[in-house]
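I opened my notebook to look up a few things about cysteines and charged side chains. Here is what I jotted down.

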There are 2 protein chains.
Amino acid sequence: MKRSSKLSLALHALGHMAQEPARARTSEEIAAMHGTHAVVVRRVFAPLREAGILLSEKGHGGGWRLARPAAEISLADIYAAIGEPFLTATAFAPAPGHPCAIEAAMTETVSAAMVEAEAVIARHFAARTLADVAKVWGERAKSASHPTDSPL
Amino acid sequence: MKRSSKLSLALHALGHMAQEPARARTSEEIAAMHGTHAVVVRRVFAPLREAGILLSEKGHGGGWRLARPAAEISLADIYAAIGEPFLTATAFAPAPGHPCAIEAAMTETVSAAMVEAEAVIARHFAARTLADVAKVWGERAKSASHPTDSPL
DNA sequence: AGTCACGCAACTTATATAGTTACATGAAGC
DNA sequence: GCTTCATGTAACTATATAAGTTGCGTGACT
């Protein structure tokens, strides 16, 4: 397990959805596309719905749809909604049971580096929308890999 | 478990060692200082020894010592020797069993962001030596927290 | 010889996350 | 109104990763 992550699923799926925004996709469809389980898709998509990026509909013809044009959804929006940081925050639990100035100094330095790194990532993602990625896809893959937008 | 990490242990311990470089510390001592196990210390320190940052000696009076002055050991040296990246590389395993242009495009974007972020961290760490941190410690904690360099 | 400390391999335990099952809710079609 | 399809959610299982632990070997000092 754990061969993938929430963010990779979200980016992959929303990238596909940006290709044909009108059509709703079921969780099953998306799960098959990404090689995972429908419940996982719902779990990952729930915060995106709450963030106003996705809409979900029940019943016949239901499924998931982009809540606004792909050009108005940046990767940063998705990243922020997921809330799963790249940086392993586990790296610095404070000293167990006793304060230590040296450890504190180290933690400060590392934290500063992490904040900087996060800012870089945020900037990077903010500069790219789903539409940008869809465009790249359109330019390079008029070939055969994903004819229109079919799963698998 | 996993309340700490290799890097936090290394930085914490080497920070202390930089305070009094002449004295060798046993793995037990360091483990007590960081609230972990001596074997874990040896495991984490092994690559630092191979990288020429630490020296280890067996027998009476043995233990660990800095291989060179604290001013010549940057945090980047330690970070590189540990080889444990901050950025969760798990985030992007490729598509399971089938290529997908969209996923590839997303992966490229994310990878580029990660490379940038890594560079920021590397630069940040390269600019700080163990001696710098020891100095910070010396300036702020002439008080009581760690009288000389005692564990706990 | 005896003790101390690292070196290393193997095993155990803890945790996080993906995967799965099960059931409830609501919407469309008949 | 009943069935079908789809999401919503909680609970459970499986697995991968990393820390913690044990045991034994080796070298060095007394």
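Is B:Cys100 buried or exposed? I found B:Cys100 buried, at 6% relative accessibility; buried means under 20% relative accessible area, exposed over 50% and partly exposed in between, using a 1.4 Å probe and protein chains only.

A note on the basis: this is a predicted model, where local features need pLDDT of at least 70, side-chain atom pairs count only at pLDDT 80 or more, and totals for chains, interfaces and linings use all residues. Residues are numbered from 1 along each chain as its sequence is written, chains are lettered from A and ligands numbered from 1 in the order in which they are written, and side-chain values use heavy atoms, leaving out hydrogens and water.

**Cysteines.** I looked up A:Cys100 too, and A:Cys100 is buried with a relative accessible area of 6%. My search for disulfides (pairs of cysteine sulfur atoms within 2.5 Å) came back with zero over all chains.

**Salt bridges.** I then turned to salt bridges (a side-chain nitrogen of Lys or Arg within 4 Å of a carboxyl oxygen of Asp or Glu), and the structure holds eight over all chains.

- I noted B:Glu20 with B:Arg23, closest N and O atoms 2.9 Å apart; B:Glu20 is partly exposed at 32%, and B:Arg23 is partly exposed at 30%.
- B:Arg65 pairs with B:Glu57 at 2.4 Å; I have B:Arg65 as partly exposed at 23% and B:Glu57 as partly exposed at 40%.
- B:Asp77 bridges to B:Arg68 at 3.1 Å, with B:Asp77 partly exposed at 28% and B:Arg68 partly exposed at 27%.
- In chain A, I found A:Glu20, A:Arg23 and A:Glu29 joined into one network by salt bridges that share partners.
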